Amino acid sequence: MNKKLAQQLADTVNRRSFLTKVSLGLGSLALGSLLPRNLFSTPSPEQLPLVPHRAPKAKRIVYLCQSGGPSQLELFDYKPFLQKMHGKDLPDSVRKGQRLTGMSAQQSSLPLVSSPYQFAQHGKSGAWVSELMPFTSKVADELCFIKSMYTEQINHDPALTFFQTGNQLAGRPSIGAWISYGLGSANENLPAFIVLVSKNAPQDQPLYARLWGNGFLPSKHQGVQFRSGSDPVLYLNNPNGYTTADRRNMLDALKDLNQVQEELYGDPEVANHIAQYEMAFRMQTSVPDVNDLSDEPDWVFDLYGPEARNPGTFAANCLMARRLLERDVKFVQLYHQGWDLHSNLPKGLVRQCKATDQPSAALVQDLKQRGLLDDTVVVWGGEFGRTNYSQGKLTKDNYGRDHHPRCFTMWMAGGGIKPGITYGETDEFGYNIAHNPVHVHDFQATLLHLMGIDHEKLTFEFQGRRFRLTDVEGKLVKGIMA
């Protein structure tokens, strides 16, 4: 844009706003003296995080989020005592008055349920894994099972929001956005934070884009969702009849206009918009490359399972995640719904395990054989676990389980995590934690630590307060770190 046009635009803005500025000027000055300096702005350069704070163990993270709350008692937390107690009421001495959801609080009894599935110990570590997870059992020596996770939230939306953002209320930055803000991108042609959602999973609980949003962080740190099909990123492709040169010329002109606006108003978000437009332009080349699976041999598809050739499935998304991690995307988040099994649990759990077991294990194997597991953290888990009693009627062949936030299982593998261990323990009823509790904020603090980030130092000032992912809590789970 030439200087004459820029001046005309500036003059127009000034004429239109002159009376308003004059009439409100004194009030604005008075208000400005009372408000925090950074109320509506991003931090100045000296406030930006100086990270990594320590030598990182990992360079990237892939988080396989199992939305809905997988039942730990059928998958990983073997409780033979429940076989003796099957059908008997949960003792008050075990429950200890803990909160129940509205779905089971009115039941006349809470009959205990033992898992109908066989458990066995696997690998040199002797980890207990259910027959529903035959592929996961084969990589047990690569995994760290955390059986003592707990959260404060008992319903899906606040619990999942708590895991992803560190707070049960919407509006905070997601964990991927924090990592993007702290560490930036290692690939200038791809975002630092990419999200993949399974297309074929049961839609039992909704997923919201705010789960991978930037909150009050600059908008360039929000997660970018990749979809299946020919248009993986919405509005990225050029319209018909529009060439790459046309797009370049348009972006150059738009950049000039944005820079004029930035100079006039000093809005830091304008610079973020410019950066996002430029990233989108570079992604027009990089996304088709990463999305083209024609260079993957048959044995790779066989490793991830029969659904790996079907774009958008959990298996295909696990394979896509590996391709993104190879290209040094910092944080890749997968969401797979369908684990909220209040009824018909046996049937639903078999379906869920069939869709996720082989691809999850394959991702660990694939990363290892490519030399990427040593500096990549793999996370598998949901927002809470399931109760040891049946929600609704317990029959010979059918039952359900309610939400249980007080203890559940997740597993981790890779960069900086001790392989082949089980951390934490629940009581013989599988209802309370017996040893080594791990809170959600502890998990988040440890995950950041593995990436070289001190969770107490990665902060952002907003509305007069310094915020962080772990709020005012969180301690490192040193027992799981190599």
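Student: Which residues does Lys147 touch, leaving out those up to four places away in sequence?
Tutor: In this predicted model, Lys147 touches Phe76, Asp77, Trp128, Phe408, Thr409, Thr422, Tyr423, Gly424 and Thr426. Lys147 itself sits in strand β4, residues 143-150.

Student: Asp77 is the nearest side chain of opposite charge to Lys147, so why is there no salt bridge?
Tutor: Set the distance against the cut-off. A salt bridge needs a side-chain nitrogen of Lys or Arg within 4 Å of a carboxyl oxygen of Asp or Glu. Asp77 is 4.4 Å away from Lys147, so the pair doesn't qualify. Lys147 is buried all the same.

Student: What lies 3.1 Å from a polar atom of the Lys147 side chain?
Tutor: That's the backbone oxygen of Phe76.

Student: What makes Asp375 and Lys59 a salt bridge, then?
Tutor: Their closest N and O atoms are 3.9 Å apart, and the limit is 4 Å, so the pair counts.

Student: How do you know that this pair ties together parts far apart in sequence?
Tutor: Look at where each residue sits. Asp375 is in the loop between α12 (345-369) and β8 (376-381), while Lys59 is in the loop between α1 (3-34) and β1 (60-66), so the bridge joins parts 316 residues apart in sequence.

Student: Why is Asp375 called buried, and what is Lys59 called?
Tutor: Buried means under 20% relative accessible area. Asp375 has 17%, so the label fits. Lys59 has 48%; exposed starts over 50%, so Lys59 is called partly exposed.

Student: How do you know that Asp289 and Arg327 meet in a salt bridge?
Tutor: Same kind of check: their N to O distance is 3.3 Å, which is within 4 Å, so they pass. Asp289 is in helix α9 (residues 268-291) and Arg327 in the loop between α11 (314-326) and β7 (331-336), 38 residues apart. Asp289 has a relative accessible area of 44%, so it counts as partly exposed.

Student: What makes Glu296 and Arg323 a salt bridge?
Tutor: Their closest N and O atoms are 2.7 Å apart, so that's within the 4 Å limit too. Glu296 lies in the loop between α9 and α10 (298-304), and Arg323 in helix α11, 27 residues apart.

Student: Are Glu296 and Arg323 buried or exposed?
Tutor: Glu296 is at 8% relative accessibility and Arg323 at 1%. Buried means under 20%, so both are buried. They also belong to a network of salt bridges that links Asp295, Glu296, Arg322, Arg323, Glu326, Asp366 and Arg370.

Student: How many salt bridges does the structure hold?
Tutor: There are 20.

Student: What makes the phi of Lys96 worth pointing out?
Tutor: Most residues other than glycine have a negative phi. Lys96 isn't glycine, yet its phi is positive, near 60 degrees. Lys96 is in the loop between α4 (92-95) and β2 (119-122). With a relative accessible area of 61%, Lys96 is over the 50% mark, so it's called exposed.

Student: What is the phi of Asp328, and where does Asp328 lie?
Tutor: Asp328 has a positive phi of about 65 degrees, although it's not a glycine. Asp328 lies in the loop between α11 and β7. Its relative accessible area is 32%, so it counts as partly exposed.

Student: How much of the chain is buried?
Tutor: Buried residues make up 53% of the 482 residues. The chain has 13 helices and 17 strands.

Key. Residues are numbered from 1 along each chain as its sequence is written. This is a predicted model: local features need pLDDT of at least 70, side-chain atom pairs count only at pLDDT 80 or more; totals for chains, interfaces and linings use all residues. Side-chain values use heavy atoms; hydrogens and water are left out. Helices (H or I, at least four residues) and strands (E, at least two) are DSSP runs, numbered from the N terminus. Buried means under 20% relative accessible area, exposed over 50%, partly exposed in between (1.4 Å probe, protein chains only). Lys and Arg count as positive and Asp and Glu as negative; His and the chain ends are not counted. A polar contact is a pair of N or O atoms within 3.5 Å; within protein, one must be able to donate a hydrogen and the other to accept it, and residues adjacent in sequence count only if both atoms are side-chain atoms. Contact means heavy atoms within 4.5 Å.
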